[in-house]
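Biologist: Please take me through this structure one feature at a time. For each feature, I should like the general idea and then the case at hand.

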Amino acid sequence: MTVTDPAPPPSPAAARRATPPEPLPVGPGIDLPETSGYRLKTKVLGPALHTDQLEHERLGKPTALAVFASDALSSTAYATEEILRVLVPVIGFLAFTSFVLPITLALVTVLVILIFSYRQTIKAYPSAGGAYIVTKDNLGLLPAQVAGVALLTDYILTVAVSTSAGMAALYSAIPSVYPYRVPAALACIALIAWGNLRGVKESGRMFAVPTYAFVVSMFVMVGIGLFREVTGTLHHAPLPTQHYDVGVKAMYFFLLLKAFAAGGAAMTGVEAISNGVPAFKKPEAKNATSTLMVMGACLGSMFIGISFLAAKLHTVPSEKVTVISQIARATFGAGAAGHIAFYFVQAATMLILVLAANTSFADFPRLASFHADDAFMPKQLTKRGHRLVFSNGIVALAIAASVLVVVFQANVNHLIPLYAIGVFTSFTLSQTGMAVRHIKLREPGWRVGLFINGGGALATGVVTIVIGIVKFPEGAWFIMLLVPIMVALLVRLNRQYESESVELAHEVEAALSAPVLRRHAALVLVSDLDRPTAKALQYARSLMADEVRAVHAASDPDKAQLLAERWDQLGMIRVPLDVVDCPDRRVERSVLDVVADELADGNTEVSVLIPRREYTHWWHRLLHDRTADGLARTISRLPHANVTFVPYHFGSCEISAEERDGYHQAHHH
């Protein structure tokens with residue numbers, strides 16, 4: 001029988017490595033007052049949330065529906081109108097009698113395919129099943145960038161379109177608001193951004209009521225409209241008298257494709273729930289799937305109901321009055337109750353259209369953080385802010401959407417052509433990725449999944465092509481050009497991050513094991529004998545270097561002479577002052593020569609300390625040069641030369657009026 005020795009006890013070093021270090025307690029008696037900026041942030045956004053509270057920021061299904069479905073649900077307010085806007089000017093009353101409802105049903109069929117496709121996606125990727133993750137996992141990083149950029153672009157457009165459409169609903173009820181639509185839309189974007197900066201859960205509570213008010217008002221309006229149609233009490237506007245015959249059947253076909261593409265705006269936001277699965281309460285995937293089905297049912301039924309009423313009421317799109325407002329007026333009638341119901345619908349529509357932007361604010365920062373995690377976007381987008389949200393992504397989205405609102409003057413008709421192609425591109429790549437996954441893994445039920453996701457990829461691919469063709473001259477060309485340009489920029493950024501990572505990791509072990517040089521010299525760069533210099537000198541003496549010297553590059557001989565005299569007067573014998581001649585005023589070169597002389601023996605490590613002034617306000621920096629930065633860049637290129645900034649913050653000491661007056665008098669003298 002073999003007897004094995006007992007395992008030796010772990011070494012103290014191994015034990016320390018196995019046990020995570022406890023955070024150090026704050027030292028007693030140290031008063032660390034908060035900055036004014038942090039206090040303002042706390043007042044505006046609320047107290048900071050601790051990282052361990054992230055779990056409690058999860059959303060239940062009712063709140064999640066308001067957060068992630070408001071974009072998709074709100075699109076019913078303008079999808080039918082966009083279809084009619086294409087058809088009515090070309091074929092007149094045939095738009096109402098023959099085409100608007102069939103086109104709507106075709107779009108709802110695409111919606112059903114998408115809903116069941118994204119059910120498969122959530123099932124396969126319960127942690128996060130957005131287009132970016134699915135495409136990266138199955139098709140590779142480059143297609144994932146295309147899917148991600150297309151979706152990010154669409155999220156920006158969603159904010160611009162939804163707030164502009166909200167203003168359209170407002171001035172349909174109150175025409176005097178029309179001239180102020182742009183500043184009003186910008187104010188709405190700022191309000192939604194503020195709500196999201198307060199936290200996901202907080203924004204869900206804020207925006208849940210308007211979302212449900214809109215859904216209820218739409219179902220009530222459609223229900224009353226259907227009842228009045230069945231009973232024969234719904235007043236139909238007269239059909240437009242004109243009927244334009246486009247002649248060639250091919251022209252009819254192209255016109256229908258164009259109307260179909262315009263109504264495709266109703267599909268935007270369908271993917272939001274699959275992108276936001278991690279935000280749901282446990283079990284995340286099950287709750288996300290249930291919410292997705294409820295959203296699909298509400299969206300499809302409202303879209304069909306509104307298109308049916310629009311066809312029966314013969315509502316003609318107008319620049320100043322929306323189709324929804326015309327349907328509401330005709331449905332509710334002219335009595336007092338009808339007026340109240342009409343204004344309620346308009347208010348609910350305006351709010352849901354504005355708050356549809358909340359879906360983008362919930363998903364854009366999360367998607368951008370995925371890109372940043374893979375080093376394809378700035379790393380700042382990965383950081384959670386004051387309230388555990390991706391604050392930098394929220395701010396970036398608000399700025400980008402505000403620029404679009406200003407450029408396009410909050411005009412929905414000008415923004416819509418840019419819309420939808422991005423989201424359908426991401427739909428296609430996501431569903432293609434899922435189809436590839438089914439083929440590769442062949443998990444139980446993979447054939448059904450392949451049929452659903454393959455059908456989804458085919459349907460959305462066809463829609464993407466249709467939208468690209470028919471909307472190309474209207475502005476879709478801009479998005480089709482922007483996406484590859486953005487992808488190229490992200491790939492370039494990724495290469496930069498990778499090259500930095502390779503350089504930072506280069507020969508780390510060799511650097512750590514390199515022998516320490518025998519001698520250490522500390523040089524303090526001095527331009528004047530002032531408080532920042534005194535602080536740097538004090539720090540240099542604490543380094544216990546073999547030699548501590550102050551160095552002044554004498555580009556001005558008179559100033560150098562005054563500095564040397566004052567140095568002697570103050571008895572600065574512990575730190576000698578070297579005045580280096582600099583007749584050509586090349587301060588960097590003169591300092592570099594001094595450092596190189598110290599390094600010449602090959603046994604000296606040089607620490608160069610540079611006093612640096614930190615200013616209270618950004619504009620103060622414009623009043624002073626940044627010589628220290630140039631010196632640091634130049635010196636740090638030398639081996640065994642190290643640069644340390646010793647900052648001095650203005651306003652860190654109190655100066656009495658007597659001291660200030662005395663300085664002015666002495667300086668003037």
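Biologist: Is Gly-148 buried or exposed?

Modeller: This is a predicted model, and the reading applies to that model. Burial is judged by relative accessible area, and a residue under 20% is called buried. Gly-148 has a value of 0%, so it is buried.

Biologist: Where is Gly-148 found, and with which residues is it in contact beyond its neighbours within four places in sequence?

Modeller: Gly-148 belongs to helix α7, which spans residues 141-173. Setting aside those neighbours, its contacts are Tyr-132, Leu-367 and His-371. One may also consider separation along the chain: Leu-429 is 281 residues apart from Gly-148, and their C-alpha atoms are separated by 9.8 Å.

Biologist: Which residues of the largest nonpolar core touch the most other members?

Modeller: That core has 146 residues, and the ones touching the most other members are Phe-68, Met-295 and Phe-361. Leaving out residues up to four places away in sequence, Phe-361 touches Val-159, Ile-189, Ile-192, Ala-193, Asn-196, Ile-394, Leu-397 and Ala-398. Another core lies apart from the largest one; it has 16 residues, including Ala-522, Val-526, Leu-537 and Leu-563.

Biologist: Let us turn to the rings. How many aromatic pairs does the structure hold, and why is the pair of Tyr-171 and Tyr-178 edge-to-face?

Modeller: There are six aromatic pairs in the structure. A pair is classified by the angle between the ring planes, and an angle over 60 degrees counts as edge-to-face. For Tyr-171 and Tyr-178 the planes are at 80 degrees and the ring centres 4.9 Å apart, so the pair is edge-to-face. Tyr-171 counts as buried because its relative accessibility is 10%, whereas Tyr-178, at 29%, counts as partly exposed.

Biologist: How are the rings of Phe-342 and Tyr-343 arranged?

Modeller: Their planes are at 70 degrees and their centres 5.1 Å apart, so this pair is edge-to-face. Phe-342 counts as buried at 2% relative accessibility, and Tyr-343 counts as partly exposed at 42%. Phe-342 has a further partner: Arg-329 lies over the face of its ring, at 3.9 Å from the ring centre.

Biologist: Which residues do ring pairs link into a cluster?

Modeller: The cluster consists of Tyr-118, Phe-424 and Phe-427.

Biologist: Over which ring does the charged end of Arg-437 sit, and with which residue does Arg-437 form a salt bridge?

Modeller: The charged end of Arg-437 sits over the ring of Tyr-125, 5.1 Å from its centre. Its salt bridge is with Glu-443, where the closest N and O atoms are 3.3 Å apart. Arg-437 counts as buried, given its relative accessibility of 12%, while Glu-443 counts as partly exposed at 40%.

Biologist: How many salt bridges does the structure hold, and where in the chain are Lys-136 and Asp-374?

Modeller: The structure holds twelve salt bridges. In one of them, the side chains of Lys-136 and Asp-374 meet at 3.0 Å, N to O. The two residues are 238 residues apart: Lys-136 is in helix α6 (residues 131-138), and Asp-374 is in the loop between α15 (357-373) and α16 (391-407), so distant parts of the chain are linked by the pair. Lys-136, at 29% relative accessibility, counts as partly exposed, and Asp-374, at 23%, also counts as partly exposed.

Biologist: Which strands hold Arg-519 and Glu-547?

Modeller: These residues form a salt bridge with closest N and O atoms 2.4 Å apart. Arg-519 lies in strand β1 (residues 519-525) and Glu-547 in strand β2 (residues 547-554), so the pair ties together parts that are 28 residues apart in sequence. Arg-519 is partly exposed at 26%, and Glu-547 is partly exposed at 22%. Through shared partners, salt bridges join Arg-519, Glu-547, Arg-549, Asp-578 and Glu-598 into one network.

Biologist: Finally, where in the protein chain is confidence lowest and where is it highest?

Modeller: The chain averages a pLDDT of 83, and 86% of the residues score at least 70. Confidence is lowest in helix α1 (residues 12-18), with a mean of 43, and highest in β1, at 94. Over residues 1-7 the pLDDT is below 50, and this stretch has zero contacts in the model beyond near neighbours in sequence. Residues 11-21 also have pLDDT below 50, with zero contacts beyond near neighbours in sequence.

Methods: Residues are numbered from 1 along each chain as its sequence is written. Side-chain values use heavy atoms; hydrogens and water are left out. Helices (H or I, at least four residues) and strands (E, at least two) are DSSP runs, numbered from the N terminus. Buried means under 20% relative accessible area, exposed over 50%, partly exposed in between (1.4 Å probe, protein chains only). Contact means heavy atoms within 4.5 Å. Rings of Phe, Tyr and Trp (its six-membered ring) pair if their centres lie within 6.5 Å; planes under 30 degrees apart count as stacked, over 60 as edge-to-face and the rest as tilted. A charge sits over a ring if NZ of Lys or CZ of Arg is within 6 Å of the ring centre and within 35 degrees of the ring normal. A salt bridge is a side-chain nitrogen of Lys or Arg within 4 Å of a carboxyl oxygen of Asp or Glu. pLDDT is the predictor's confidence in each residue, from 0 to 100. A nonpolar core is a set of buried Ala, Val, Leu, Ile, Met, Phe, Trp, Tyr and Cys residues joined through side-chain atoms within 4.5 Å.
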